[in-house]
Amino acid sequence: MKRWKLTSLWIACVLAFTLTACGDDITYYTIQNSDEALCSRTWVEEYDTTNEDGVMVGCVHQLKFSTLNYSGQEIHQYYYTGQSRPYSEVTRNFDWEWMDDTKEGLRMDFGAGNIVYFENVWVREHYLSGKLNGTQVTFTDANYR
């Protein structure tokens, strides 16, 4: 009887170790944003808004980042419904930098004390997302659309 208990205990231990060893080995990779991923494309977001006259219009919002002097450009193009050409375009240049070593936030300086923060930044294969000046946004690579 004592031998049976020891054998049962030994079998239980072997099964426990065997079952916990089953499955795929999981490797976790650290995915970090980079200058190359951020600067290699034009980022585009489209949404509807109202203009100064209260008319609903479409907006195409673009961000372009460059490692040359860490500069960039923000473009807003406004379209009336059904029109293919914008009736208004606003372009602003900025300087940018990562907020810290984690590269999960950007500080965009438009000059004259106008600083905009892009927080929780995720640069992935064809998408750029985060919280731009307090608003959650998702941009798409213009060449991917």
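The following conversation goes through the fold, core, salt bridges and surface of one predicted protein model.

User: What kind of model is this, and which cut-offs apply to it?

Analyst: This is a predicted model, in which local features need pLDDT of at least 70, side-chain atom pairs count only at pLDDT 80 or more, and totals for chains, interfaces and linings use all residues. Residues are numbered from 1 along each chain as its sequence is written, and side-chain values use heavy atoms, with hydrogens and water left out.

User: How many helices and strands are there?

Analyst: The protein has two helices and eight strands, in the order α-α-β-β-β-β-β-β-β-β along the sequence. Helices (H or I, at least four residues) and strands (E, at least two) are DSSP runs numbered from the N terminus.

User: What share of the residues is buried?

Analyst: Of the 145 residues in the protein, 30% are buried. Buried means under 20% relative accessible area, exposed means over 50%, and partly exposed lies in between (1.4 Å probe, protein chains only).

User: And the exposed area, what supplies it?

Analyst: The protein exposes about 10300 Å², and carbon and sulfur atoms supply 51% of that area. Accessible areas come from the Shrake-Rupley method with a 1.4 Å probe; for residues, only the protein chains shown count as cover.

User: What part of the contacts is between residues 24 or more positions apart?

Analyst: Such pairs account for 32% of the contacts with a separation of 6 or more. A contact means heavy atoms within 4.5 Å.

User: Turning to the core, which residues touch the most other members?

Analyst: The largest nonpolar core has 19 residues, and Leu38, Leu63, Phe65, Trp96, Met108, Phe118 and Leu128 touch the most other members. At least two residues of this core come from each of α2 (35-39), β2 (56-66), β4, β5 (105-109), β6 (115-124), β7 (127-132) and β8. Strand β6 gives the most, with four residues. A nonpolar core is a set of buried Ala, Val, Leu, Ile, Met, Phe, Trp, Tyr and Cys residues joined through side-chain atoms within 4.5 Å. In soluble globular proteins, nonpolar side chains tend to be buried together.

User: What does Met108 touch?

Analyst: Leaving aside residues up to four places away in sequence, Met108 touches Leu63, Phe94, Asp95, Trp96, Asn114, Ile115, Val116, Phe118 and Leu132.

User: How many disulfides are there?

Analyst: A search of the whole structure finds zero disulfides, a disulfide being a pair of cysteine sulfur atoms within 2.5 Å. Cys39 is buried at 18% relative accessibility, and Cys59 is buried at 2%.

User: How many salt bridges, then?

Analyst: The whole structure contains three salt bridges, each defined as a side-chain nitrogen of Lys or Arg within 4 Å of a carboxyl oxygen of Asp or Glu.

User: What does the one between Asp141 and Arg41 tie together?

Analyst: The closest N and O atoms of Asp141 and Arg41 are 3.2 Å apart. Asp141 lies in strand β8 and Arg41 in the loop between α2 and β1 (42-50), so the pair ties together parts that are 100 residues apart in sequence. Asp141 is buried, with 7% relative accessibility.

User: Which residue pairs with Glu74, and is Glu74 buried or exposed?

Analyst: Glu74 forms a salt bridge with Arg92, with 2.7 Å between the closest N and O atoms. This pair links distant parts of the chain, since Glu74 is in strand β3 and Arg92 in strand β4, 18 residues apart. Glu74 is buried at 5% relative accessibility, whereas Arg92 is partly exposed at 31%.

User: Where does Glu97 fit in?

Analyst: The side chains of Glu97 and Arg107 meet in a salt bridge at 3.6 Å, N to O. Glu97 is in strand β4 and Arg107 in strand β5, ten residues apart. Glu97 is partly exposed at 41% relative accessibility, and Arg107 is partly exposed at 25%.

User: Now the surface: which residues form a nonpolar patch?

Analyst: Val55, Tyr80 and Tyr87 form one, with about 240 Å² of accessible area together. Patches are made of residues with over 30% relative accessible area and no salt bridge; like charges are joined within 9 Å, and nonpolar side chains (Val, Leu, Ile, Met, Phe, Trp, Tyr) within 5 Å. Tyr80 is found in the loop between β3 (71-79) and β4 (88-98), and its relative accessible area is 35%.

User: Last one: what does Thr138 touch?

Analyst: Thr138 lies in strand β8 (residues 135-141) and touches Val44, Glu45, Tyr127, Leu128 and Ser129, not counting residues up to four places away in sequence. The C-alpha atoms of Thr138 and Leu128 are 5.7 Å apart.
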